[in-house]
Amino acid sequence: ESYLSRLSLTEPHLHSFLHISDTLLRDAQLIDRKIETGEDVGPLAGVFVGVKDNICTDDMPSTGGSRILENYKAPYDATAVRRVKEKHGILIGKTNLDEFGMGSTTEASSFQVTANPWDLSRVPGGSSGGSAAAVSARQCMVSLGSDTGGSVRQPASFCGVVGLKPTYGRVSRFGLMAYASSLDVIGCFGTSVADTGILLHAISGHDRFDATSSNREVPDFTSQFSSINLMESKPLKGLKVGLIRETLEDGVDNGVKSAISGAASHLEELGCTVTEVSLPSFSLGLPAYYILASSESSSNLSRYDGVRYGNQIFAESLNSLHGDSRSKGFGPEVQMRILMGTYALSAGYYDAYYKRAQQVRTLVRKSFKEALDDNDILISPVAPSAAYKIGEKKNDPLAMYAGDIMTVNVNLAGVPALVLPCGFVEGGPAGLPVGLQMIGAAFDEVKLLKIGHIFE
Ligand code: GLN
């Protein structure tokens, strides 16, 4: 009941949710009863979970933020959602996003714009802006998002919450609407590193419905937390941290730079050695990402043909049925991505764009591997600035894409990254949060979470 009243107080200002569960009270009472009668309950019993609307749920609509799927209800739960339910988490609703995850502000949602709880005139980031805003405004305890090029981490930074992008393959993508399949991962938001780790643990692990999900054993990400002595003077003694030089160059706000250098000093106080590292292919990651992500999306989104899913526009011929359904169903950003991707993949251009982007991807993977062989983690800002005004970059796609420079390389490399609040810059009524990105080696979420927990 307290969550429902919190929602009615905050939702008219924030618009974080596209749909709120009709069965919330009943679901919560059911779990309550289980607890009262001494039944075994899972680790998420009584935890209210928001779910990004590109993750399928069988009991609520799943629109992906797109008109083409308006009112669409999936016939099954995504594996991550099924696991949340099996562990007795309670789904509170479906959160707003940029259409199919394409964007950095949630302004590209077909339905509504979500506001940043720290300053309602600013964007919450994107594409998982609804999930980040909902946790930030305590509309739910934790939430699920998806991260193809930064969509969990950047909104976590803009909204002052913890966001975790797991290693590619750690969490099943079954039931996540595909944007760019080789980069997409489901990730988690929470108000603390511990909560975020508990949610990740609940949803991780192999799934026979996703051929790219990993067979690796899933460690209990937070079990070591209770044995960490936070009073110890140098709990991170001996750890090597690499500060990525290329992420602190021109174009990054001074306030962000000083929050990051403050975070680096804090890590040193905790016992780490922090040195600058250079990733020479870093700046190539952004153009490579946009070519690869657009190319994969142009192929993935061909399933929305007006026949198999969602909205259909009646037409005289089959061709115009497909064409009209897609022209009216997809928003402008999605149409642009499909055009860019189709162009990059077309005969004669493939070698110049797609193939070269794949070559860059190999370089990026290699440079991360080398840097992470020498360092326990790498750190960087999450975005060049804190949250900006709604509308500020809406009509300048290149400026919007440029804001993803700090996050996309991590997806190209497939490695995990944790974002947590590390300071504030001036702006809004109460300052604006800035996040620190910690990047780890593939499948080493345990180390990231441990360092994050001690850091916060
Ligand atoms: N902003 C990036 C894009 O538009 C990343 C989105 C994401 O991670 N889903 O592609």
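User: Let me start with one residue. Leaving aside its neighbours within four places in sequence, which residues is Val142 in contact with?

Analyst: Happy to begin there, with one reminder: this is a predicted model. A contact list shows what a residue packs against once its sequence neighbours are set aside. For Val142, the partners beyond four places in sequence are Val47, Val49, Val135, Cys188, Phe189, Gly190, Asp195, Thr196 and Leu199.

User: Which residues have the most contacts inside the largest nonpolar core?

Analyst: The general idea is that in soluble globular proteins, nonpolar side chains tend to be buried together. In this chain the largest nonpolar core has 125 residues, and Val142 is listed among those with the most contacts inside it, alongside Val49, Ile55, Ala80, Phe189 and Met438. Two of these, Val49 and Phe189, are also contact partners of Val142.

User: Before we go on, how confident is the predictor in the chain and in the complex, and what pLDDT does the chain average?

Analyst: The chain averages a pLDDT of 96, and 100% of its residues score at least 70. For the complex, the predictor gives an ipTM of 0.98 and a pTM of 0.98.

User: Now the overall fold. How many helices and strands does the chain have?

Analyst: There are 14 helices and 11 strands. To read overall compactness, compare the radius of gyration with what a globule rule gives: here 21 Å is close to the 23 Å for 456 residues, so the chain is as compact as a globular protein of that length. Along the principal axes, its C-alpha atoms fill a box of roughly 75 × 65 × 45 Å. As for burial, 54% of the 456 residues count as buried.

User: Among contacts between residues at least 6 apart in sequence, what percentage join residues at least 24 apart?

Analyst: That share is 74% in this chain.

User: Let's take single helices. Which residues of helix H3 are buried?

Analyst: Helix H3 spans residues 79-86, and its buried residues are Thr79, Ala80, Val81, Arg83 and Val84. The next step is to ask what covers them. The cover includes strands E2 (48-52), E4 (142-147) and E6 (185-190), together with helix H6 (193-203). Just past the helix, H3 is followed by His88, whose phi is positive, near 70°.

User: And H6, why can it be called largely enclosed by the rest of the structure?

Analyst: Count its buried residues: 9 of the 11 in H6 are buried, so the rest of the structure largely encloses this helix. They are Val193, Thr196, Gly197, Ile198, Leu199, Leu200, His201, Ala202 and Ile203. Elements covering them include H3, strands E4, E5 (162-165), E6 and E10 (417-425), and helix H14 (445-455). After H6 comes Gly205, with a positive phi near 115°.

User: Positive phi again. Which residue other than glycine has a phi near 55° in the loop between H4 and E4?

Analyst: That is Arg138, whose phi is near 55° and whose place is the loop between H4 and E4. Another case is Phe100, with a positive phi of about 55° although it is not a glycine; Phe100 sits in the loop between E3 and H4.

User: Are these two buried or partly exposed?

Analyst: Count C-beta neighbours, with 20 or more within 10 Å as the cut-off for buried. Phe100 has 31 others within 10 Å, so it is buried. Arg138 has 14, so it is partly exposed.

User: Where is the cis peptide bond?

Analyst: The bond from Gly126 to Ser127 is cis, with omega near 10°. Ser127 belongs to the loop between strand E3 (90-95) and helix H4 (129-136).

User: Is Arg208 buried or exposed?

Analyst: Arg208 counts as exposed because it has 9 C-beta neighbours inside 10 Å. It is found in the loop between H6 and strand E7 (240-244). Sequence and space can also be set side by side: Arg208 and Ser172 are 36 residues apart along the chain, with their C-alpha atoms separated by 8.8 Å.

User: Last one: how many residues surround the ligand, and which are closest?

Analyst: A shell of 14 residues surrounds the ligand, the closest being Gly101, Ser104, Thr148, Gly149 and Ser151. By class, the shell divides into 3 nonpolar, 9 polar and 2 charged residues.

Note on methods:
Residues numbered from 1 in each chain as written. Predicted model: local features only at pLDDT ≥ 70, side-chain atom pairs only at ≥ 80, totals over all residues. Near = placed C-beta within 6 Å. Nonpolar A, V, L, I, M, F, W, Y, C, P; charged D, E, K, R; others polar. pLDDT = per-residue confidence, 0-100. Core = buried A, V, L, I, M, F, W, Y, C linked by C-beta atoms within 7 Å. Buried ≥ 20, exposed ≤ 12 C-beta atoms within 10 Å, placed from the backbone. Contact = placed C-beta atoms within 7 Å. Helix = DSSP H or I, 4+ residues; strand = E, 2+ residues; numbered from the N terminus. Rg over C-alpha atoms; globule rule 2.2 N^0.38 Å.
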